[in-house]
Amino acid sequence: MTTPQHSVARPRTTAPAAGTPAIEFAGVLKNYLSHGETVPAVKRTDLAIAQGEFFSLLGPSGCGKTTTMRMIAGFEEPTAGTVFLDGKDVTHVSANKRDVNMVFQSYALFPHLNTYQNVAFGLERKKTGKDEIKRRVGEILEIVSLTGMEKRSPREMSGGQQQRVALARALVNRPRALLLDEPLGALDLKLRQQMQIELKRIQREVGITFVYVTHDQGEALTMSDRIAVMNAGVIEQLGSPREIYEKPASRFVAGFIGTSNIVDGRVERVEGGLGLLSYTAQDRVVVPVEDAVRSGDKVEVSIRPEKIDLHRGVPPVTATGGSVLSGTVTEVVYHGTSTNYTVATAAGADFTVFDQNASNADDLADRGDRVYLTWAPQHSYMIGV
């Protein structure tokens with residue numbers, strides 16, 4: 001899709017002091033009462049989201065991500081702690097007085113209003129002048145690629161177009177931050193992928209802070225500047241998509257973000273910043289280690305499936321310079337661009353391997369085949385160190 005070229009509306013109010021977070025939690029926690037018992041939804045959290053950042057709250061159902069967003073919006077009040085917007089304490093400020101807007105999975109468009117009327121609704125409620133409404137609605141419809149669809153009703157539009165109307169309606173008010181609660185959940189896979197790119201483009205053009213709630217790891221990795229991975233009310237890791245994918249801070253993060261192979265073992269020796277875990281005379285895992293790691297320490301190591309090479313013959317040790325695990329293929333799944341193998345390894349763990357389908361289509365391993373897995377030392381990562 002061609003990116004529209006035009007001037008972009010920026011948030012309307014006086015800019016906060018340089019370096020002031022758009023959104024900040026200081027010691028925030030949220031408890032609920034259930035059958036007389038206190039249930040922690042969000043445990044004590046400190047968090048700062050930068051101005052103009054695309055920030056995602058990622059985690060499974062019940063992890064506390066939606067409760068966190070609702071406390072930002074003002075729909076929930078913290079049990080303890082302070083919520084700041086642009087440096088101002090809004091902990092006890094009602095939702096309708098906070099300079100944030102929210103977009104839901106259901107879109108919540110008015111079925112009896114056309115696109116223009118849906119987008120203009122908030123401005124009309126604020127008694128904005130007609131010329132100003134026309135200008136701002138036209139500008140935001142161009143940003144979300146809906147110019148020419150002003151007179152269409154929601155029922156005449158696709159799911160992706162309805163999603164864009166909901167975004168335009170929220171953005172036309174120029175909020176300081178836009179909160180999005182799984183807004184792409186109702187779309188089919190291909191449209192979701194298209195809208196992920198569109199959302200990032202729109203966010204970049206309007207320059208507003210986006211806070212995005214999702215349980216979809218691919219979605220968060222695609223769009224986010226930073227991601228907070230939540231589990232049982234706790235942020236287990238906060239970082240860029242690359243940091244979280246390549247260097248997971250815990251076993252939960254390693255398993256939740258994409259696919260990860262995790263192997264346990266004791267460090268046999270440390271040399272040149274590398275630790276060696278041995279399983280048999282030929283099976284070993286080599287991993288970069290911190291200075292605090294010593295021989296005899298028990299560790300967990302994560303390896304991503306796409307980093308691993310699968311061999312049907314014994315690989316020369318000198319060629320690998322790193323890890324070698326033998327095993328037996330237990331499952332083969334063809335995915336078109338790649339073939340995914342499950343291998344029961346000598347380390348006692350089942351490994352998943354993504355083998356790119358290129359010129360090796362006639363040399364695929366099959367169930368029951370004896371294979372060898374190799375990967376470079378830098379592709380092993382010690383979890384939690």
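In the predicted model, helix α4 lies across strands β6, β7 and β8, and its axis runs at about 170 degrees to that of β6. Helix α5 is likewise placed against strands, lying across β3 (residues 54–58), β7 and β8, with an angle of about 155 degrees to β8. Strands β7 and β8 therefore appear in the descriptions of both helices, β6 being listed for α4 and β3 for α5.

The strands crossed by these helices belong to an open sheet of six strands, arranged in the order β6-β7-β8-β3-β9-β10 and paired in a mixed sense. Because β6 (residues 100–104) and β10 (residues 234–239) stand at the edges and have a single partner strand each, one side of each of these two strands is left without a neighbour in the sheet. From one strand to the next, the twist averages 20 degrees. At the β6 edge, the pairing with β7 is parallel and comprises five bridges, within which valine 100 has alanine 177 of β7 as its bridge partner.

The largest nonpolar core of the model contains 36 residues, among which Leu178 and Phe210 have the most contacts inside the core. At least two residues of this core are supplied by each of the helices α2 (115–125), α3 (130–143), α4 (159–171) and α5 (189–206), and likewise by each of the strands β7 (177–181) and β8 (209–214). The greatest contribution comes from α4, which gives six residues. When residues up to four places away in sequence are not counted, leucine 178 touches Asn101, Met102 and Val103, together with Leu167, Ala170 and Leu171, and also Ile208, Thr209, Phe210 and Val211.

A further set of strand pairings involves β1, β4 and β5. Strand β1 (residues 23–34) pairs with strand β4 (residues 80–85) in the antiparallel sense over five bridges, and alanine 26 stands opposite threonine 82 of β4 in this arrangement. Strand β4 is also joined to β5 (residues 88–89), again in an antiparallel manner, through two bridges, with phenylalanine 84 standing opposite aspartate 89 of β5. The hairpin formed by β4 and β5 has two residues between the strands, and aspartate 86 takes a positive phi near 50 degrees there.

Technical notes: Residues numbered from 1 in each chain as written. Predicted model: local features only at pLDDT ≥ 70, side-chain atom pairs only at ≥ 80, totals over all residues. Heavy atoms only, no water. Core = buried A, V, L, I, M, F, W, Y, C linked by side-chain atoms within 4.5 Å. Buried < 20%, exposed > 50% of the residue type's maximum accessible area, 1.4 Å probe, protein only. Helix = DSSP H or I, 4+ residues; strand = E, 2+ residues; numbered from the N terminus. Contact = heavy atoms within 4.5 Å. Pairing = 2+ DSSP bridges. Axes fitted to C-alpha atoms, helices over the stretch in contact; angles between N-to-C directions.
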